[in-house]
Amino acid sequence: MVSIAKVLLAVLGVAVVVVLIAVPTVIFLKEEEGSNMRTFTLFDVFNYTLKPASYNMKWISDYEYLHKETDGSIFLYNVNTNMFEEFLNRDKFIARDAYDYQLSADRRYVAFMSNYNKVWRHSFTASYSLYDRQSDKDITPSDIPDVVQYFAWAPTGNKLAYVWDNNVYLKTSPDSSREQITFNGEPNKILNGIPDWVYEEEMFSSNRGVWWSPGGKYLAYAEFNDTLVHNIEYSWFGEDQYPSTISIPYPKAGTPNPVVKLFVVDTDNTTIVTEVVVPASFSKLEHYLASVTWVTDNRIAVQWLKRQQNHLILQIYDISGSSRNPVEHLELTSTGWIGRFSPSEPVFTPDGNSYYLINSDNTKYKHIHHVVRGVATPITSGHWEVIEILKVTQDSVYYISNEKDNKPGGRNVYQWTNQGSRCLTCSLLSDCEYNSAYFSHNASYYGFSCSGPRIPQYYLMETRSNKQIKHLEDNKVFEGEISQIQIPTMRRGTIKLHSYNLWYQMHLPPDFDESKKYPLLIDVYAGPCSQKVDLRYRVNWSTYLASTQKIIVASFDGRGSGYQGDQLMHEIYRRLGTYEVEDQITAAKEFIKMGFIDRDRVAIWGWSYGGYVSSMVLGSGSGVFKCGMAVAPVSKWEYYDTIYTERYMLQPSENQGAYDNSTVMARAKNFKSVQYLLVHGTSDDNVHFQQAAEISEALVNEQVDFEAMWYTDKDHGLGGSANMHVYNHMSKFLHTCFA
């Protein structure tokens with residue numbers, strides 16, 4: 001497949017046409033003032049006061065929301081009366097050393113959160129102290145241990161559930177005794193109520209493994225059995241005389257997966273526990289629990305996904321009846337994989353009689369389907385995609401799509417009714433093309449967020465009239481500061497490649513002159529369903545490189561990228577490391593043809609999947625790139641986890657040739673002609689240090705001279721002091737490369 005692709009590229013290369021598309025851009029730099037203004041520095045990248053502000057809000061009714069002020073106090077805002085009052089004084093947080101809180105549904109009790117300790121990407125442990133707002137007293141003793149893995153109030157009243165030592169516990173009220181629901185929890189073996197590593201990272205994108213029914217009658221919880229899962233082990237160096245060893249059940253491609261079961265407990269009689277039965281057609285096949293959604297207080301919808309992730313069954317179960325057989329059934333299949341990443345969750349109507357689901361339609365674009373008694377009917381259509389369903393009321397569906405102006409990197413909020421769709425955000429503000437909304441309980445109001453291309457803005461809106469109620473955050477302070485700095489401008493356009501119009505964006509230096517030659521850095525991710533080219537406003541490392549170093553920083557969404565239909569996205573199905581790599585090389589060649597790129601100073605960099613693509617590009621022997629950087633890269637797909645890897649590549653036994661042909665190590669000898677910086681954290685629980693170690697060994701075996709930087713005890717995100725260090729180090733590497 002690789003050789004065929006190269007032939008196609010050679011034949012079609014001459015037909016590549018660059019189409020520039022004008023995109024409105026906010027330009028703060030005035031030409032006559034340019035020489036007197038400072039540039040955006042590397043220090044500015046990490047100066048968090050030089051970032052646009054956001055606005056936090058949490059709806060607690062159809063017309064009331066909570067907002068945390070800058071001093072840490074929580075205020076309650078009533079939109080109907082335009083009144084506000086202090087809800088939780090900052091002193092309450094300080095007295096408990098609390099960093100956050102969770103409010104019971106009846107608003108009487110507050111769980112103050114302290115002693116945060118990160119586990120993996122989404123999971124953490126914390127302490128929860130319960131406070132009674134009515135009596136202004138703490139609940140003592142709270143009967144909740146100091147180190148809790150998960151905590152959740154019921155959607156009504158003040159029941160609560162938590163996970164401790166991998167077991168689920170229930171309290172029917174804050175001052176009642178705890179009831180233990182599960183008893184078999186064991187670290188790295190049996191996890192109840194919290195997902196194991198691979199489910200947290202790849203399926204749920206959450207640390208949640210319990211689900212309350214709407215009325216609090218039932219509690220669903222998942223049991224994750226990792227007994228057969230192989231462990232990854234790595235050293236934690238710490239400060240002791242001897243390092244310790246971290247061991248995590250981590251299923252790599254083709255190895256045993258966790259076995260997952262779903263149970264429902266009656267919270268009024270905890271001796272009644274029911275297992276939710278897997279569909280018969282999946283019971284003897286390897287499968288995943290994909291999602292859990294309560295329909296009513298007695299009905300629960302569960303999505304089960306085949307291990308190959310191309311066949312999904314959604315079943316609705318009646319928990320209260322004498323029979324546990326499903327009352328509704330829907331099956332979905334795909335010639336690629338289901339969904340974008342994990343399958344989208346159903347969103348039910350208030351009466352629970354039907355639901356809405358994002359799925360590919362007959363034209364292979366992701367659209368909303370209305371499902372009634374197991375029959376799905378699309379309600380949106382077109383060569384664009386629905387991104388997310390935000391809210392469903394009895395007569396409306398509110399959703400985000402990229403329909404406007406055929407720009408896949410744009411986002412707008414729409415309202416669908418039986419009379420058709422209307423865009424709520426398309427014309428609210430000029431130069432706002434990346435928008436979202438947060439609706440109140442019955443969608444009477446919404447918080448409007450404009451994230452770009454202009455400086456972000458936040459408003460409170462009335463839904464029916466779609467009129468602004470008030471400005472929540474205008475970022476005038478940030479705008480005043482950034483207006484004194486020379487900021488890059490953005491150019492966006494498309495490249496015609498293999499019948500697709502594929503988008504790119506460029507950060508252009510201030511006072512950009514097309515008659516001059518500039519160095520080029522490709523900023524790449526390029527994983528399945530990724531999108532680097534969008535209309536969001538950002539200030540980051542790319543801002544510094546373009547502003548101060550006069551480097552053009554470009555990104556390109558090639559084959560395999562998302563939000564433009566399944567045909568494009570599935571181009572790399574069963575063949576990672578092929579087209580998405582080749583398309584970055586082609587894009588760089590097209591950028592050089594534009595006339596303002598110095599062909600002798602072209603580089604590429606990426607993180608995670610982007611580090612993999614950067615390495616594959618540099619090892620391709622294309623002759624286009626002088627240097628590149630790979631941070632925490634994958635190097636061999638057999639080293640990565642089952643859910644992610646097999647979604648796109650199947651198991652190695654089903655697709656061994658593609659696995660063998662997609663390693664970085666196989667290209668090691670080609671690195672002799674480029675300058676390469678390899679970066680990794682030694683405690684990366686996601687893309688293991690093993691991946692970079694294998695690249696290093698292969699390069700050494702080929703006598704390739706390269707640079708490397710390891711970050712001791714740092715994970716995939718290289719947080720803390722390592723974050724500034726890695727960007728400083730890459731800046732110096734680029735300076736040397738482009739000298």
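Start by selecting Ser-683, which sits in the loop between strand S45 (675-681) and helix H12 (689-701). You're looking at a predicted model, by the way. Is Ser-683 buried or exposed? Buried counts as under 20% relative accessible area, and Ser-683 is buried because its value is 4%.

Now bring up what surrounds Ser-683. Leaving out residues up to four places away in sequence, Ser-683 touches Tyr-234, Ser-235 and Trp-236, and also Asp-713, Lys-714 and Asp-715.

**Zoom out**

Show the whole chain next. There are 13 helices and 46 strands in the protein, so colouring by secondary structure helps here. The C-alpha trace spans about 75 × 60 × 60 Å along its principal axes. How does the radius of gyration fit a compact globule? With 739 residues, such a globule would come out near 27 Å, and the protein has 26 Å, so the two agree.

Try an accessibility colouring while you're out here. Of the 739 residues, 59% count as buried. The protein exposes about 30,500 Å², with carbon and sulfur atoms supplying 48% of that. If you switch to charges, the protein has 66 positive and 83 negative ones, and their mean positions are 4 Å apart. Contacts are worth a thought too: among those between residues at least 6 apart in sequence, 59% join residues at least 24 apart.

**On to a four-stranded sheet**

Select residues 100-103, strand S7, then add S8 (109-118), S9 (124-132) and S10 (137-138). What order do the strands of this open sheet take? It's S7-S8-S9-S10, with antiparallel pairing. S7 and S10 are the edge strands, each pairing on one side only. If you turn on hydrogen bonds, remember that strands of a sheet pair through backbone hydrogen bonds, either parallel or antiparallel.

Walk across from the S7 edge. S7 and S8 pair over four bridges, in the antiparallel sense. Click Asp-100 and you'll find its bridge partner, Met-113, in S8.

Next comes the pair S8 and S9, joined antiparallel by eight bridges. These two strands make a hairpin with five residues between them. Pick Val-110 and look across: Tyr-131 of S9 stands opposite. Keep Val-110 in mind for later.

Pause on S9 itself. How many of its nine residues are buried? Eight are, so to speak, under cover: the strand is mostly covered.

The last step takes you from S9 to S10, where two bridges hold an antiparallel pair. Asp-132 stands opposite Lys-137 here. S9 and S10 form a hairpin as well, with four residues between them. In that turn, click Asp-136 and check its backbone angles: phi is positive, about 60°.

**One last stop**

Go back to Val-110 and select Ile-551 along with it. How far apart are Ile-551 and Val-110 in space? C-alpha to C-alpha they are 50 Å apart, with their positions 441 residues apart in sequence.

Zoom in on Ile-551, in the loop between helix H6 (541-547) and strand S42 (552-556). With a relative accessibility of 4%, Ile-551 counts as buried. Then show its contacts, leaving aside neighbours within four places in sequence. Among them are His-507, Pro-509 and Pro-519, and the list also includes Leu-520, Leu-521, Leu-734 and Phe-738.

Definitions and conventions. Residues numbered from 1 in each chain as written. Predicted model: local features only at pLDDT ≥ 70, side-chain atom pairs only at ≥ 80, totals over all residues. Heavy atoms only, no water. Buried < 20%, exposed > 50% of the residue type's maximum accessible area, 1.4 Å probe, protein only. Pairing = 2+ DSSP bridges. Rg over C-alpha atoms; globule rule 2.2 N^0.38 Å. Contact = heavy atoms within 4.5 Å. Areas by Shrake-Rupley, 256 points an atom, 1.4 Å probe, with all protein chains shown as cover. Lys, Arg positive; Asp, Glu negative; His and termini not counted. Charge placed at Lys NZ, Arg CZ, Asp CG, Glu CD.
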